[in-house]
Amino acid sequence: MIHQTVSRLLCGLAAVSLVSSPIAVSAQEANAPLASGMGLDIPANVQILGKGDPNVRRPTAVVNGQIITGTDVEQRVALLVAASKGEIPPEELQRLRSQVLRNLIDETLQIQAARAQEIEISAAEVDQVYARVAAQNFGQNVEAMDAYLAKIGSSPASLKRQILGESAWQRLLRRNIAPFVNVSAEEVNEMLTRLEASRGTEEYRLGEIWLAATPETRDQVLANMDKIIEQLRQGGSFQGYARQFSESSTAAAGGDLGFVRLERLPSELAVAARAMQPGQLVGPIENSGGFSILALIDKKAILTSDARDAVLSLKQISLAFPAGITEPDARARLESFNKAVQAMKGCGDADSGAAAIGATVTSNDGIVLRSLPEQLQPLLADLQIGQTTPPFGSAQDGVSVLMLCGRDDPQDAGAPSFEDLMAQLEDDRINKRAQRYLRDLRNDAVIEYN
C-alpha cells in the first residue's frame, strides 16, 4: 500500500506577450503626428497589431508539447520562499527557479504518464485535498488560504497542480508497479524475528531529501545540496524543501521516512543517523546513485513503551492581547492571567473561569504527547490532572496555558503486525522502482527550453 500524504503548506505576475501580426503599417500611419505632451514617439492614430492577452504567457519549457510558463515557476518558487523564514539572496532564488523548473518537468511527465494510462484525477478530488490542507492550516477556511497564496505571490491553481501531480503519480504507481511487487511470508517472518531480537534498541524517525546524481552532474547536485542545507539551517521548512526538491517518492510526505531501524537504511545513511540527535541536520551524504540530506525528527526504543506515546486530553486556555500593547502592559496582563488560571479548580472550572477573564478555551481529547513541541513535552509529562503548564506565547500572539484533563499511558509496545510489516517492505520496493520509472520517463521525453 502506498502512503499518500499531502501535508502543511504552505510570486510572480504572468509574463505578458503580444501576439504579433505580419500586417504592414502604411506610410501615412507611420508619419502620423505624435501624441502631444507625452515626449514619446507614439503615433496619434495607434493601430494595435496583436491582441494584448494577459493569459498568453511565454513558455520556459515545453514538455512533450505541454507548456511550462515562467509564471508556473515563479508561483511554485513563492511557496518555497514563504516556507523559508530567512531572506533568500537573488543568486539563491535563481538556483531555486532552476530546481523548481526541473521539478515541474518531472511533475508534468508524471501527469502525462498517468493520462496515457487513462488515469484521470477529477477536479473534485483535487478540491477535496485542497480543502483538507486549508482545514489543517486555516481552520476550514478555503477562502483564507486562497487569499494567503495570492498574498505570497502564488495561487490556488499552482498548489492544486502540485496536488494533481502527486495524486496522479501515486495512482499510477498503484496500477503499474504495486501489483508486481512481491514480498514473501518468509521475508516478513524473518524481519519479525529480527525485530524481536532488537527489542530495546533504538529506531529513528528520519526526514530525507534525496537528489539523483551521475558523474556528469555530481558537482552541480552537490552545490544544490549545499544551498538547500544553508536555507534549512536558516530556518527553511524541511517539509517544504523536500516536497519541492527531493526526487524520492517520499517527497509527497515531506520527506518523512517514518520510524526505521538503522539496518534497513543504506550503510552510509545508517552511520550518519546513529550519531544524530533529534532536530539535527546532516548532509550531503553520498548513497544509492545520489546524495541525501537527513533530518532526525525523533527516536525511540523498539518494542518498548515510551512515556511520550501517552495520549492526552488537553484544554488550551488563551488570552489575546490588544494590537500595539506595550511591554509593561503585556507583563501586567500576563500576571493577571496567570493568577486567574491558578485559581481555576480543574478542567470542570476552566470554561467559566476563562470566560470571566475574556479568554478562550480549545479542547483536544486525543493528542499524543510526542506530537507536541519539544519544549512542552517534559512540562506536560510531569503534570497531574487539572494542573497547567507555565504560560507561553508573545505580546503579538497573546498568551496560553495547557491544562491536563486526562492521560492514557502507553502499554508495552508489541511488534508490528504481519500485515503492517509486509506493507512497509512493499513500500520500500515500490519507491525504488518508482525512481527508475521516472528516470525512464525523462529519458524518453522531448523537452524544449526557452
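In this predicted model, strand β3 (residues 202–212) and strand β6 (residues 290–301) run antiparallel and are joined by 11 bridges. Within this pairing, G207 stands opposite A295 in β6. The two strands belong to an open sheet of four strands, whose order is β4-β3-β6-β5 and whose pairing is antiparallel. At its edges lie β4 (256–260) and β5 (281–287), each of which pairs on one side only, and from one strand to the next the twist averages 35°. Helix α9 (residues 238–245) packs on this sheet, where it touches β3, β5 and β6, and its direction makes about 45° with that of β3.

The residue F238, which lies in the range of helix α9, offers a way from the sheet into the interior. Leaving aside residues up to four places away in sequence, F238 touches G207, E208, I209, L232, G254, L281, I293 and A295, and the pair G207 and A295 has already appeared as residues that stand opposite each other. F238 is also one of the residues with the most contacts inside the largest nonpolar core, a group that further includes W169, I209, L232, Y241 and I293. That core has 59 residues, and its largest share, 10 residues, comes from helix α3 (residues 90–116). In soluble globular proteins, nonpolar side chains tend to be buried together.

Helices α3 and α9 return in the lining of the largest cavity, to which α3, α6 (156–176), α9 and α14 (418–444) each supply at least two residues. The volume of this cavity is about 400 Å³. Its lining comprises 24 residues, and of these Q110, R243, S246, S248 and A251 lie nearest the centre.

Further along the chain there is another open sheet of four strands, with the order β8-β7-β10-β9 and antiparallel pairing. Here the edge strands, each pairing on one side only, are β8 (360–368) and β9 (392–394), while the twist averages 20° from one strand to the next. Three bridges connect β9 to strand β10 (residues 398–408) in the antiparallel sense, and V399 in β10 is the bridge partner of G393. Helix α11 (residues 327–343) packs on this sheet by touching β7 (311–319) and β10, and its direction makes about 20° with that of β10.

V399 leads from this sheet to the remaining core. Besides the largest nonpolar core, with its 59 residues, there is a second, separate core of 15 residues, which includes L319, V341, V399 and V401.

Technical notes:
Residues numbered from 1 in each chain as written. Predicted model: local features only at pLDDT ≥ 70, side-chain atom pairs only at ≥ 80, totals over all residues. Heavy atoms only, no water. Core = buried A, V, L, I, M, F, W, Y, C linked by side-chain atoms within 4.5 Å. Buried < 20%, exposed > 50% of the residue type's maximum accessible area, 1.4 Å probe, protein only. Contact = heavy atoms within 4.5 Å. Pairing = 2+ DSSP bridges. Axes fitted to C-alpha atoms, helices over the stretch in contact; angles between N-to-C directions. 1 Å grid on protein atoms, 1.4 Å probe; cavity = no way out; pocket = protein on both sides within 12 Å on 5 of 7 lines; lining within 4 Å. Points joined across faces, edges and corners; volume = space filled by probe spheres on them.
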